Amino acid sequence: MNLSTLEDLFKDQLKDLYSAEAQLTKALPRMARAATAPELKRAFEEHLEETEGHVQRLQTLAEQLDIKLGRKKCKGMEGLIEEGKEVLDAGGDGAVIDAALIGAAQKVEHYEISAYGTARTLAEQLGLTNAVRTLQETLDEEEATDEKLTQISEGGVLEAAGAVEEDSDDSNS
Ligand SMILES: [Fe+2]
C-alpha cells in the first residue's frame, strides 16, 4: 500500500469500508435467524437493508471519484464477524444469546462509526463535499442502529425472557 497523500489514505479507507459492509451483509441474516426476541430480529433485518444501501453508497461514491473498490479485505470486520460466529454456534438460553448478539453487533457498529468518522474527516480535509455528505449519512444510520441496540438491551429483552431477576421491591438497588 502506498500512502503518499491523504487521497491515497482516503481511497484505502473507502476500500476497507466497502469490504466491511459487504462482509456484514452476509453476517446479518445469520444474526437475524439466531435472534429470539422479535424486536431484535427486526432490528437486524432492518439494518441489513440499510447495510445494502451503505454498500450502494460506497459504490456510487467510488464511481464518482474514479476509485476502484474491491480487492481489499477488511480484517477488522473479519475478526468481529469471526467472534460473532461463536455466538451463532452457541447453545443455551435464547435471551442470553440475544444479549450476546447485541454485544457482537454493537462492536461492529462502533467499528463502523469509527471508520466512517475517519473517512468523513479525510473527505473534509480533501474538500470532497459530496463524499462528506454521503459518508455522514451512513455514519448517522450506524449511530442510530447502535442506539437502537442499546434500547433493545435496556428495554428488557432479558427481563422479559426471565434471564435476569426482576427488580421487585428492592428500593436500595
Ligand atoms: Fe453500514
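These are my notebook entries on what I looked up in this structure.

**Entry 1: the overall fold**

I started by reminding myself that this is a predicted model. Then I went through the secondary structure of the chain and got 6 helices and 0 strands. Reading along the sequence, I wrote the pattern down as α-α-α-α-α-α. I also looked up burial: the chain has 173 residues, and 40% of them are buried.

**Entry 2: the iron site**

Next I went to the iron ion. Which protein atoms act as its donors? I found E21 (OE) listed twice, plus H54 (ND1) and E142 (OE). These donors lie 1.9 to 2.5 Å from the iron ion.

I then asked how the donor residues are spaced in sequence. My note reads E-x32-H-x87-E. E21 sits in helix α1, residues 6-34, while E142 sits in helix α5, residues 129-154, so this pair ties together parts that are 121 residues apart in sequence.

Why is the arrangement around the iron ion irregular? The 4 donor atoms subtend angles of 55 to 139 degrees. To count as tetrahedral, four donors need all angles between 85 and 135 degrees, so the range of 55 to 139 degrees does not qualify. Square planar is no help either, because angles between donors that are not opposite must lie between 65 and 115 degrees, and 55 is in the range here. For reference, I jotted down that the ideal angle for four tetrahedral donors is 109.5 degrees.

Are E21 and E142 buried or exposed? I checked, and both are buried.

**Entry 3: a neighbor of E142**

While I was at E142, I looked at E109 as well. E109 lies in helix α4. The C-alpha atoms of E109 and E142 are separated by 6.0 Å, although the two residues are 33 residues apart along the chain. I put E109 down as buried because its relative accessible area is 2%, and the cut-off for buried is under 20%.

**Entry 4: the nonpolar core**

I wanted to see what packs together inside. The largest nonpolar core has 24 residues. Those with the most contacts inside it are L28, M31, L40, F44, M77, L101 and L149. Which helices supply at least two residues each to this core? I listed α1, α2 (38-65), α3, α4 and α5. The largest share comes from α1, with 6 residues. This goes with a general point from class: in soluble globular proteins, nonpolar side chains tend to be buried together.

**Entry 5: the cavity**

How many cavities of 30 Å³ or more does the structure hold? I found 1. The largest cavity has about 80 Å³ of space in it. Its lining includes A27, R30, M31, L80 and I81, and G84, K85, L88, A104 and V108 are in the lining too. M31 was already in my notes as one of the core residues with the most contacts.

I looked at where the lining comes from. α1, α3 (75-88) and α4 (94-125) each supply at least two residues, and α3 gives the most, with 5 residues. By class, I wrote down 7 nonpolar, 1 polar and 2 charged.

**Entry 6: the pocket**

Then I turned to the largest pocket, which has a volume of about 170 Å³. I noted its lining as A22, Q23, K26, A27, R30, K73, E78, I81, E82 and K85. α1 and α3 each supply at least two of these residues. Which helix gives the most to this lining? It is α1, with 5 residues. By class, the pocket lining has 3 nonpolar, 1 polar and 6 charged residues.

**Entry 7: single residues**

I finished with a few spot checks.

- A20 is in helix α1, and at 1% relative accessible area A20 is buried. A20 and K72 are 52 residues apart in sequence, yet 9.6 Å apart from C-alpha to C-alpha.
- A35 lies in the loop between α1 and α2. Its relative accessibility is 4%, so A35 counts as buried. The C-alpha atoms of A35 and A99 are 9.2 Å apart, with their positions 64 residues apart along the chain.
- D66 is in the loop between α2 and α3. Buried or exposed? D66 is exposed, with a relative accessible area of 68%. Its phi is near 60 degrees, a positive value in a residue other than glycine.

Key: Residues are numbered from 1 along each chain as its sequence is written. This is a predicted model: local features need pLDDT of at least 70, side-chain atom pairs count only at pLDDT 80 or more; totals for chains, interfaces and linings use all residues. Side-chain values use heavy atoms; hydrogens and water are left out. Donors are N, O and S atoms within 2.8 Å of the metal (3.2 Å for Na, K and Ca); water is not among the atoms, so sites may look incomplete. Four donors count as tetrahedral if all angles lie between 85 and 135 degrees; four count as square planar and six as octahedral if opposite donors are over 155 degrees apart and all others between 65 and 115; anything else is irregular. Helices (H or I, at least four residues) and strands (E, at least two) are DSSP runs, numbered from the N terminus. Buried means under 20% relative accessible area, exposed over 50%, partly exposed in between (1.4 Å probe, protein chains only). On a 1 Å grid over the protein atoms alone, a cavity is a set of points where a 1.4 Å probe fits but cannot get out, and a pocket is an open set with protein on both sides within 12 Å along at least five of seven lines; lining residues have an atom within 4 Å of a point. Grid points are joined across faces, edges and corners, and a volume is the space filled by probe spheres set on the points. Ala, Val, Leu, Ile, Met, Phe, Trp, Tyr, Cys and Pro count as nonpolar, Asp, Glu, Lys and Arg as charged, and the others, Gly among them, as polar. A nonpolar core is a set of buried Ala, Val, Leu, Ile, Met, Phe, Trp, Tyr and Cys residues joined through side-chain atoms within 4.5 Å.
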